[in-house]
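Got a new model on the screen and some jargon to sort out? Let's go through what the labels rest on.

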Amino acid sequence: MKISDWLDEQEAEQGDVSQIVLPTNMSFDENPAETIFFKEINPCGMLCPENHPFSTVERFGHWYLSRGQDKKAGIHSSKMKWHLFTKDKNIALQTAKDHLA
């Protein structure tokens, strides 16, 4: 089953799916149709293997997944991860940008 179809079913059953967690197998089985936005705050340089704040927006059918790690978590932190499912591209993009502000 595609992620967009699963989200449609969950929305029909539950209503709000903005913070729903995908089943593990589903998140690995499907690549996004496109990545619309990606930005990482990495003052260390591209060779640093540690965690850095980032935001990305990916499209799965007519759903957008906005996710990342909040800038407030700091460099090399693994905390403050977030995600949002929405059908509104503008909300997904604004949310991703806000988490890096």
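Buried means under 20% relative accessible area. Keep in mind that this is a predicted model.

Q: What makes strand S2 mostly covered?
A: Buried calls for under 20% relative accessible area, and six of the seven residues in S2 (residues 54-60) are buried. So S2 counts as mostly covered.

Q: How do you know that S1 and S2 pair?
A: Pairing takes at least two bridges. Strand S1 (residues 34-40) and S2 have six, in the antiparallel sense, so they pair. In S2, Val57 is the residue that Phe37 stands opposite.

Q: What about S2 and S3, and how many bridges join them?
A: Seven bridges, with the strands running antiparallel. Since at least two are needed, these strands therefore pair too. Val57 stands opposite Ser66 in S3. S2 and S3 form a hairpin with two residues between them, and Gly61 in the turn has a positive phi of about 65°.

Q: Why are Ile3, Trp6 and Phe60 said to belong to a nonpolar core?
A: Because a nonpolar core is made of buried residues of kinds such as Ile, Trp and Phe, joined through side-chain atoms within 4.5 Å. These three are among the 11 residues of the largest such core. Helix H1 (3-14) and strand S3 (63-69) each give two or more residues to this core, and H1 supplies the largest share, three. Apart from it lies another core of seven residues, including Val57 and Tyr64.

Q: Which residues is Phe60 in contact with, leaving aside neighbours within four places in sequence?
A: Ile3, Ser4, Glu30, Asn31, Pro32 and Leu65.

Definitions and conventions: Residues are numbered from 1 along each chain as its sequence is written. This is a predicted model: local features need pLDDT of at least 70, side-chain atom pairs count only at pLDDT 80 or more; totals for chains, interfaces and linings use all residues. Side-chain values use heavy atoms; hydrogens and water are left out. Buried means under 20% relative accessible area, exposed over 50%, partly exposed in between (1.4 Å probe, protein chains only). Helices (H or I, at least four residues) and strands (E, at least two) are DSSP runs, numbered from the N terminus. Contact means heavy atoms within 4.5 Å.
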